[in-house]
Amino acid sequence: MIEDKNTSRTSISTLGEFGLITHLTKNFQITQPSTIIGIGDDAAVLDFEQKKCVLTTDLLIEGVHFDLSYVPLKHLGYKAVMVNLSDVYAMNATASQITVSIAVSNRFPLEALEELYAGIHTAAKLYNVDVVGGDTTSSTTGIMISVTAIGYAKEEELVYRTGAKEGDLLVVSGDLGAAYLGLQILEREKQVYKANPNSQPDLDQYAYLIERQLKPEARKDIIKLLKDLEVQPTSMIDISDGLSSEIIHLCTQSKLGVNVYEDKIPLDPTVIATCEEFSMNSTTVALNGGEDYELLFTIPQEDYPKIKSNPSLTVVGHMLDEKSGMALVTRANERIMLQAQGWNPMKE
């Protein structure tokens with residue numbers, strides 16, 4: 001899958017850097033009123049008027065963050081945008097622009113980069129963000145992609161990791177653990193393929209898990225939902241490194257403890273079935289898997305009636321004083337201290 005098997009292989013060098021950028025970005029439309037100047041000048045010009053600007057950036061490196069033997073380039077482009085938009089939404093802000101920079105080796109033809117940018121284009125269009133800049137350069141080893149996302153919010157709407165209060169409820173969107181299991185399945189199929197290149201994988205039963213890994217969605221809808229419900233979170237973070245790590249971040253930044261209840265953690269039935277098949281503990285997968293890109297946030301107890309019947313939101317615990325520590329309350333009612341075992345690229 002790494003190499004483009006089509007007979008059409010156009011060398012990137014035939015276009016030159018400016019020609020390449022022009023070619024790859026020619027279909028991007030400007031839709032945000034805050035974009036004054038996008039691609040085409042020395043720098044973008046943005047105007048957020050009375051709003052606060054939110055800025056985040058992420059770097060994805062081949063062989064560290066993704067494996068092109070099973071990650072299609074179109075999905076990679078889409079996911080690279082999602083992981084950044086997710087951070088903007090975790091500030092309770094509206095994402096409005098992105099910049100995209102890539103470093104690529106000569107093993108990739110122009111057609112491969114067109115696939116990558118098709119994924120970026122799809123993500124930008126679906127989430128209504130403008131692509132306003134970036135860079136392309138050569139790499140000696142594969143591909144790197146860096147996306148910067150820009151957004152805005154009124155000052156009073158911004159939500160930080162530091163704002164949780166004792167007694168607040170801990171809430172999570174969606175369900176957890178599926179993306180990690182999707183990765184395990186793709187890695188398993190890669191090994192099967194290495195042993196027998198003629199094998200044809202039947203992955204239909206794992207479709208949800210694989211989609212959660214290859215095509216995650218940033219939870220823009222949850223930010224709108226909370227506004228519609230008139231719920232202002234007191235603290236918030238997105239779940240990129242696993243539920244356990246993110247809870248510890250919120251508690252540490254807000255100087256609080258927590259009780260998280262094992263039987264409240266939202267799991268898709270496919271996650272439960274696949275954990276049984278792989279002899280894995282579903283709670284461990286949800287706590288430590290990562291890459292779910294769901295939102296984890298705290299709300300005052302008085303807001304509970306506003307969210308209690310919503311299928312997209314689950315209360316998984318409540319905030320305690322700092323001395324109580326950060327713990328998982330098991331189904332057997334044991335209190336086990338939380339540990340951050342989420343994925344850390346610096347340990348690889």
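Begin by selecting Lys 224, which counts as exposed because its relative accessibility is 54%, above the 50% cut-off for that class. The model on display is a predicted one.

Keep Lys 224 selected and add Asp 228. The two residues form a salt bridge in which the closest N and O atoms are 2.8 Å apart. Both belong to helix α6, and their spacing of 4 residues places them about one helical turn from each other.

Next, display every salt bridge in the structure; there are 13. One of them joins the side chains of Glu 294 and Arg 219, with an N to O distance of 2.8 Å. Glu 294 sits in the loop between α9 (282–288) and β10 (295–299), while Arg 219 sits in the loop between α5 and α6 (220–228), so this pair ties together parts that are 75 residues apart in sequence. Colouring by accessibility shows Glu 294 as buried, and Arg 219 likewise.

With Glu 294 still in view, select Arg 212, a residue of helix α5 (residues 207–214). Is Arg 212 buried or exposed? Arg 212 counts as buried because its relative accessibility is 14%, under the 20% limit. Its side chain and that of Glu 294 are joined by a polar contact of 3.0 Å. Expanding the selection around Arg 212, and leaving aside residues up to four places away in sequence, brings up Asp 175, Ala 178, Ala 179, Glu 291, Asp 292 and Glu 294 as contacts.

Move now to Lys 306 and Asp 303. These residues form a salt bridge whose closest N and O atoms are 3.2 Å apart. The partners fall into separate accessibility classes: Lys 306, at 36%, counts as partly exposed, whereas Asp 303, at 10%, counts as buried. Then return to the earlier group and add Asp 221: salt bridges with shared partners join Arg 212, Arg 219, Asp 221 and Glu 294 into one network.

For the last stop, select strand β11, residues 313–320. How many of its 8 residues are buried? The count is 6, so the strand is mostly covered. Which strands pair with β11? Strand β7 (residues 169–173) runs antiparallel to β11 and is joined to it by 5 bridges; on this side, Val 172 stands opposite Thr 314. Strand β9 (residues 257–261) also pairs with β11 in the antiparallel sense, over 4 bridges, and here Val 260 has Gly 317 as its bridge partner. While side chains are displayed, recall that in a regular strand they alternate between the two faces of the sheet.

Notes: Residues numbered from 1 in each chain as written. Predicted model: local features only at pLDDT ≥ 70, side-chain atom pairs only at ≥ 80, totals over all residues. Heavy atoms only, no water. Buried < 20%, exposed > 50% of the residue type's maximum accessible area, 1.4 Å probe, protein only. Helix = DSSP H or I, 4+ residues; strand = E, 2+ residues; numbered from the N terminus. Pairing = 2+ DSSP bridges. Polar contact = N/O pair within 3.5 Å; in protein donor to acceptor, adjacent residues only side chain to side chain. Contact = heavy atoms within 4.5 Å. Salt bridge = Lys/Arg side-chain N within 4 Å of Asp/Glu carboxyl O.
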